[in-house]
Amino acid sequence: MRSPVFQRAPKLPPGAMSEGMTALVLGGSGEIGKQLVRELVANAAFSRIVLVTRRQLDIQSEKVEQKIVDFEKLDDYKEAFGGAQVGFCCLGTTRGKAGAKGFIHVDRDYVSHAARLLKEGGCSHFHLVSSTGANKTSMFLYNKTKGEAEELVKELNFPRLSIYRPSLLLCDREESRPLEKVAQIVVRGFDWRNKISIGTDTVASAMISNTLEPQSPTKSEEPKVEILENTDILRLGID
């Protein structure tokens with residue numbers, strides 16, 4: 001996997017403050033979230049990084065500010081979601097860990113509720129990590145839940161919404177997921193062109209690259225929604 005540290009300081013996109021942007025991260029303890037926070041800290045385009053989390057994370061940086069919240073009572077923490085120009089959502093759990101209802105509650109309800117608070121707080125660009133195959137009409141719980149989350153976030157009408165649909169994530173998890181580990185080993189052996197897999201560091205890099213990529217001026221005030229499939233993420237995330 002490539003290094004998560006950018007080697008060049010990118011130009012700030014139009015509208016960003018001269019001293020750097022404020023980014024808010026949800027799911028900073030997950031595999032993509034951890035990579036994302038490392039890159040945000042290393043990138044000069046971001047001067048303040050707010051982590052909205054349920055527990056204190058071991059992250060040492062003057063840029064990072066942690067907001068401990070109860071995700072069951074998010075409306076009590078509205079102030080934590082204000083002031084960010086860009087929001088990154090990497091929230092997620094598994095059916096095996098949380099059960100079917102718990103999985104839906106986290107991957108759909110937590111995500112859409114947090115996104116709404118970010119929108120109300122003035123966030124203009126929201127990034128959502130979803131999954132390949134996301135579809136609200138799917139017969140499969142995982143794909144259906146991811147698709148429903150996408151639709152709920154779309155309804156919020158962010159000025160710019162970027163939805164990422166990575167395939168099988170390649171990483172070394174601290175959490176034990178035996179079946180996923182077996183799949184990773186098998187895929188690494190033949191998916192050398194990353195057609196059905198992708199590194200978590202690549203996803204994180206793509207999200208930042210996409211944030212900083214210059215946007216073409218448009219006369220339309222319609223919200224911009226972009227869906228990035230695995231190949232799109234690879235294009236953005238690999239130099």
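In this predicted model, residues 24 or more positions apart account for 71% of those contacts in the chain that have a separation of 6 or more. The chain holds six helices and nine strands, and buried residues make up 48% of its 239 residues. Its accessible surface comes to about 12300 Å², and 52% of this surface belongs to carbon and sulfur atoms.

The packing of helices H1 and H5 was examined in detail. Two packed helices are described by the angle between their axes together with the distance between those axes. Helix H1, formed by residues 31-42, packs against helix H5, formed by residues 200-212, at an angle of about 50°, and the two axes lie 8 Å apart. Because an angle that is neither under 35 degrees, nor over 145, nor from 65 to 115 counts as oblique, H1 and H5 are described as oblique to each other. The crossing of H1 and H5 is right-handed. On the side of H1, the residues in contact are Glu31, Ile32, Gln35, Leu36, Glu39 and Leu40, and these meet Thr200, Asp201, Val203, Ala204, Ser205, Met207 and Ile208 in H5. Sorted by class, the contact of H1 with H5 comprises seven nonpolar, three polar and three charged residues.

Helix H1 also contains Val37, which counts as buried because its relative accessibility is 3%, where the limit for a buried residue is under 20%. When residues up to four places away in sequence are not counted, Val37 touches Val25, Gly28, Leu51 and Ile59. For Val37 and Ile59, the separation is 22 residues in sequence and 8.9 Å in space, C-alpha to C-alpha.

A further set of buried residues is found in helix H6, which spans residues 230-237, and consists of Asn230, Ile233, Leu234, Leu236 and Gly237. The elements that cover the buried residues of H6 include H5, together with strands S6 (160-165), S8 (197-199) and S9 (224-229).

Lys136 lies outside these helices, in the loop between strand S5 (125-129) and helix H3 (141-154). With a relative accessible area of 44%, Lys136 is partly exposed, since this class falls between the limits of 20% and 50%. Lys136 touches Lys144, Gly147, Glu148 and Glu151, again not counting residues up to four places away in sequence. Of these contacts, the one with Gly147 joins residues that are 11 positions apart in sequence, and the C-alpha atoms of Lys136 and Gly147 are 4.1 Å apart in space.

Notes
Residues numbered from 1 in each chain as written. Predicted model: local features only at pLDDT ≥ 70, side-chain atom pairs only at ≥ 80, totals over all residues. Heavy atoms only, no water. Axes fitted to C-alpha atoms, helices over the stretch in contact; angles between N-to-C directions. Helix = DSSP H or I, 4+ residues; strand = E, 2+ residues; numbered from the N terminus. Left-handed = near helix turned anticlockwise from the far one by under 90°. Contact = heavy atoms within 4.5 Å. Nonpolar A, V, L, I, M, F, W, Y, C, P; charged D, E, K, R; others polar. Buried < 20%, exposed > 50% of the residue type's maximum accessible area, 1.4 Å probe, protein only. Areas by Shrake-Rupley, 256 points an atom, 1.4 Å probe, with all protein chains shown as cover.
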